[in-house]
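Biologist: I should like to understand how the terms used for a structure follow from its values. May we take them one at a time?

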Amino acid sequence: MKKILHIISSPRGAASFSIKLGNAIIEKLKAEYPGSTVKETDLANQHFPHLEEAQITSFFTPAENRTPENIIAVKHSDNAIKDIVDADIIVIGAPMYNYTIPSALKAWLDHIIRAGVTFKYDENGLQGLIKGKKVYIAETSGAVYTEGPMQSFDFIAPYLKAVLSHIGLTDVTIFRIEGTSIPGVQDTAVEKGLNSIILN
């Protein structure tokens, strides 16, 4: 059995393709690993504040020196990092908004990427401190970005791979539902995306 963490970033609920794709990935994982548990973090409802001075100050204040205000400011980050550490597998829903991820997902990432906690620099350079996790990305888009004239505008896949590797999450697989706004493609886009899910 595995502990699965599902990060939802779409506010569209049942109408969301990224939630549909993420749920399908999780169903495959539960079939592969019977008895697995799933913890869901819905960023549309559990808001992570965009980083301000309060959060940044708390990040760089040693735990024993934190004020009550620091403790409140760092709570989102500490809880999110604990969820990642506890998980064996992480599924991240990433719908494309204006060529990139929703701001809610960016805010969550800003809270989990912390110097001295999830990464560090030493004499060998950057060292990610979160090891041994598998990550699946459920990326969805109205256009097609895996090939064709829009391919160079997919900033989600390279960004997420880079930022996750920064903290040690290097085993990343991306599944996609794409072309949901294109006539002639949209009718089969969801089915094609769901059928592409092959675990590795």
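Modeller: In this predicted model, the largest pocket has a volume of about 240 Å³. Its lining comprises 14 residues, and among those nearest the centre are Arg-176 and Lys-192. Strand β7 supplies the largest share of this lining, 5 residues.

Biologist: What makes the contact between Asp-78 and Arg-114 a salt bridge?

Modeller: A salt bridge requires a side-chain nitrogen of Lys or Arg within 4 Å of a carboxyl oxygen of Asp or Glu. The N to O distance between Asp-78 and Arg-114 is 2.7 Å, so the pair qualifies under that cut-off. Asp-78 belongs to helix α3 and Arg-114 to the loop between α4 and β4, so the bridge ties together parts 36 residues apart in sequence.

Biologist: Why is Arg-114 called buried?

Modeller: Buried means under 20% relative accessible area. Arg-114 has 4% relative accessibility, and therefore counts as buried.

Biologist: Why, then, is Asp-78 called partly exposed?

Modeller: Partly exposed covers values between the buried limit of 20% and the exposed limit of 50%. The relative accessible area of Asp-78 is 33%, so this residue is partly exposed.

Biologist: How do you know that Arg-176 and Asp-154 meet in a salt bridge?

Modeller: The N to O distance between their side chains is 3.0 Å, and the limit is 4 Å, so the pair is counted. Arg-176 lies in strand β7 and Asp-154 in the loop between β6 and α5. Through shared partners, salt bridges join Glu-139, Asp-154 and Arg-176 into one network.

Conventions
Residues are numbered from 1 along each chain as its sequence is written. This is a predicted model: local features need pLDDT of at least 70, side-chain atom pairs count only at pLDDT 80 or more; totals for chains, interfaces and linings use all residues. Side-chain values use heavy atoms; hydrogens and water are left out. On a 1 Å grid over the protein atoms alone, a cavity is a set of points where a 1.4 Å probe fits but cannot get out, and a pocket is an open set with protein on both sides within 12 Å along at least five of seven lines; lining residues have an atom within 4 Å of a point. Grid points are joined across faces, edges and corners, and a volume is the space filled by probe spheres set on the points. Helices (H or I, at least four residues) and strands (E, at least two) are DSSP runs, numbered from the N terminus. Buried means under 20% relative accessible area, exposed over 50%, partly exposed in between (1.4 Å probe, protein chains only).
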